[in-house]
Amino acid sequence: MAFNPDFDRIGKDFANIYYNTFDTNRASLASLYESTSMLTFEGEQFQGRDDIIKKLVGLPFSTVKHAITTCDCQPSTDNGVLVFVVGQLKTDNDHPHSFSQCFHLRPQTAQMRNYVVLNDMFRLALHHG
């Protein structure tokens, strides 16, 4: 099994690009997903680029800002990368919420310059009390 030795840099660079794009223009995240991509968002599952972007663009807030607290990366099969992010997000006038998100990236090309999201799982860390 071959692992990409740059998995940590690839994962952290991806996370920065993903959240900067999410915070400024969610629709342009489409290039990071493909027809086989799957998103689990707060327990709801979405398959394919169109359904995933429809969900993300339709989220009920105007402004959002993500702040990454930690970003852990591991190599996976076929030069893929697992990326686990913990952070805070602030939407509109709401107070900040903690979140966790896990991405499984796979190379889009043999040159491994571009990665697409194969799997994406997102959860808010809400405190019920």
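Two strands count as paired if DSSP finds at least two bridges between them, and that criterion is needed for the first exercise on this predicted model.

**Exercise 1.** Establish how strands β3 and β4 are arranged, and find which residue of β4 stands opposite K65.

*Solution.* Begin with the bridges: strand β3, residues 64-76, and strand β4, residues 80-91, are joined by 12 of them, and the pairing is antiparallel. Next, take the position asked for, where K65 has K90 of β4 opposite it. Finally, look at the connection, since β3 and β4 make a hairpin with 3 residues between them, and in its turn D78 has a positive phi of about 55 degrees.

**Exercise 2.** Follow β4 to strand β5, and identify the bridge partner of L82 as well as the residue with a positive phi in the hairpin of β4 and β5.

*Solution.* Strand β5 covers residues 97-107 and runs antiparallel to β4, to which 9 bridges join it. Within this pairing, L82 has H104 in β5 as its bridge partner. The hairpin of β4 and β5 has 5 residues between the strands, and D92 is the residue that takes a positive phi, near 40 degrees.

**Exercise 3.** Of the 6 salt bridges in the structure, examine the one between D13 and R9, and decide whether each of these two residues is buried, partly exposed or exposed.

*Solution.* The N to O distance between the side chains of D13 and R9 is 3.4 Å. Both residues belong to helix α1, residues 7-24, where they are 4 residues apart, or about one turn of the helix. For accessibility, partly exposed is the class between under 20% and over 50%; D13 has 35% relative accessibility and is therefore partly exposed, and R9, at 47%, is partly exposed. The pair also belongs to a network of salt bridges that links D6, R9 and D13.

**Exercise 4.** Work out which parts of the chain are connected by the salt bridges D23 to K65 and R106 to E34.

*Solution.* Take D23 and K65 to start with, whose side chains meet at 4.0 Å, N to O. Because D23 lies in helix α1 and K65 in strand β3, this pair ties together parts that are 42 residues apart in sequence. D23 counts as buried, with 18% relative accessibility.

Then take R106 and E34, whose salt bridge has an N to O distance of 2.7 Å. This pair links distant parts of the chain, with R106 in strand β5 and E34 in strand β1, residues 33-41, 72 residues apart. R106 is partly exposed at 29% relative accessibility, whereas E34 is buried at 14%.

Key. Residues are numbered from 1 along each chain as its sequence is written. This is a predicted model: local features need pLDDT of at least 70, side-chain atom pairs count only at pLDDT 80 or more; totals for chains, interfaces and linings use all residues. Side-chain values use heavy atoms; hydrogens and water are left out. Helices (H or I, at least four residues) and strands (E, at least two) are DSSP runs, numbered from the N terminus. Buried means under 20% relative accessible area, exposed over 50%, partly exposed in between (1.4 Å probe, protein chains only).
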